[in-house]
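Student: I am new to this structure and would like a close look at one part of it, taken slowly. Could you begin with a single residue in a loop and then lead me on to the ligand and what lies around it?

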Amino acid sequence: MLMSSSTVIAETRSLVKSFGSGAARIEVLHGIDIKAYESEILMLLGPSGCGKTTLISIIAGTLTPDSGSVEIFGEPLNWKKKSAITKFRALNVGFIFQQFNLIPTITCEENACVPLLIQGMSMSKAIKHARVSLDQVGLSEHMKKRPNQLSGGQQQRVAIARAMVHKPRLIICDEPTAALDAENGKLVMQLFRDLVKQPGRCAIVVTHDNRILSFSDRIATMNDGKIIDSVATKDFDFAHHQ
Ligand SMILES: Nc1ncnc2c1ncn2[C@@H]1O[C@H](COP(=O)(O)OP(=O)(O)O)[C@@H](O)[C@H]1O
Ligand SMILES: [Mg+2]
């Protein structure tokens with residue numbers, strides 16, 4: 001389902017990023033230009049190690065590039081102002097990490113509250129929102145459990161509930177369905193679809209999972225630190241990616 005909107009939600013220009021120093025310095029992003037538009041689910045494909053996680057971490061403000069820029073809703077991210085970025089993310093970005101990054105010592109509903117607490121909401125109010133979000137991902141019976149009492153797929157759904165609890169305008173997910181079975185994978189994609197239907201929103205989803213590609217509006221392919229292709233899903237060559 002390709003929407004006709006052309007409002008840009010997130011845009012990177014000439015992003016370059018290296019890791020290491022001296023002789024061991026390796027450039028992993030070689031100048032990335034990418035746009036994510038209102039109301040779309042943009043999927044980012046590419047082999048392991050090509051730079052997908054690095055790219056979305058820079059867009060989400062958790063990593064600083066060597067050069068280049070990121071604009072979200074037309075505002076440039078300023079990586080030097082950490083507190084501003086933290087606040088911006090708590091208000092606008094839902095990030096689902098590849099390793100989930102749940103806090104092991106607290107319950108699932110407390111984990112799902114975190115973005116709201118950073119915004120300054122009271123615990124009792126935040127818990128109410130967290131329960132709705134956990135219910136949406138099918139975890140209403142597990143809210144009082146700690147992450148290590150759940151399966152990998154359930155933990156991932158807690159991470160998804162946490163990323164959506166504050167109804168972010170930009171949702172960014174690193175392999176959201178890697179630990180989910182087909183049915184739950186579809187459920188999660190439907191949640192992203194419902195979210196991006198609301199005005200001024202989009203989702204950027206990194207995936208290896210061919211089963212969910214058809215839920216996207218556009219597919220960008222990365223290889224070796226570059227975007228090599230970006231097409232509407234209806235024009236994507238599925239035959240070569242099965
Ligand atoms: N913190 C880091 N320090 C050094 N190298 C890193 C770091 N993070 C990622 N890399 C390297 O950068 C490259 C891209 O990694 P990544 O963005 O995680 O790729 P992908 O998500 O596509 O698998 C890989 O070669 C990886 O080893
Ligand atoms: Mg990765």
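Tutor: In this predicted model, Phe100 counts as buried, with a relative accessibility of 13%, because that value falls under the 20% cut-off used for the word. The residue belongs to the loop that runs between strand 6 (93–96) and helix 3 (108–119), and its phi is near 70°, which is a positive value in a residue other than glycine. Such a value deserves a remark, because most residues other than glycine have a negative phi. Asp224 can be set beside Phe100, for Asp224 has a positive phi of about 45° although it is not a glycine, and it too is placed in a loop, the one between strand 9 (218–223) and strand 10 (226–232).

From there we can turn to the ligand. The residues that surround ligand 1 are Phe19, Val28, Pro47, Ser48, Gly49, Cys50, Gly51, Lys52, Thr53 and Thr54. Sorted by class, this shell holds four nonpolar residues, five polar ones and one charged one, and the element that gives the most to it is helix 1 (residues 52–59), with three residues. Oxygen atoms of the ligand also take part in polar contacts: one is 2.7 Å from a polar backbone atom of Gly49, a backbone N or O atom of Gly51 lies 3.1 Å from an oxygen atom of ligand 1, and in Lys52 it is an N or O atom of the side chain that is 2.9 Å from a ligand oxygen. On its own, ligand 1 has 560 Å² of accessible area, and the protein covers 54% of that.

Cys50, one of the residues around ligand 1, is buried, with a relative accessible area of 3%. Its sulfur is in no disulfide, because the closest cysteine sulfur, in Cys173, is 16 Å away, too far for a bond. Cys113 is in no disulfide either, with the nearest cysteine sulfur, that of Cys108, at 11 Å, and Cys113 is buried with a relative accessible area of 0%. A search of the whole structure finds zero disulfides.

Two threonines complete the picture. Thr12 sits in strand 1 (residues 8–19) and is buried, with a relative accessible area of 3%. The side chain of Thr12 reaches the backbone oxygen of Ile32 at 2.8 Å, and, leaving aside neighbours within four places in sequence, Thr12 is in contact with Ile32, Asp33, Ile34, Leu55, Ile59, Ser69 and Val70. Thr64, by contrast, is partly exposed, with a relative accessible area of 34%, and it is placed in the loop between helix 1 and strand 4 (67–72). Again leaving aside neighbours within four places in sequence, the contacts of Thr64 are with Lys17, Trp79 and Lys82. Finally, Thr64 and Gly120 are 56 residues apart along the chain, and their C-alpha atoms are separated by 26 Å.

Note on methods:
Residues numbered from 1 in each chain as written. Chains lettered and ligands numbered in written order. Predicted model: local features only at pLDDT ≥ 70, side-chain atom pairs only at ≥ 80, totals over all residues. Heavy atoms only, no water. Disulfide = S-S within 2.5 Å. Buried < 20%, exposed > 50% of the residue type's maximum accessible area, 1.4 Å probe, protein only. Near = heavy atom within 4 Å. Polar contact = N/O pair within 3.5 Å; in protein donor to acceptor, adjacent residues only side chain to side chain. Areas by Shrake-Rupley, 256 points an atom, 1.4 Å probe, with all protein chains shown as cover. Helix = DSSP H or I, 4+ residues; strand = E, 2+ residues; numbered from the N terminus. Nonpolar A, V, L, I, M, F, W, Y, C, P; charged D, E, K, R; others polar. Contact = heavy atoms within 4.5 Å.
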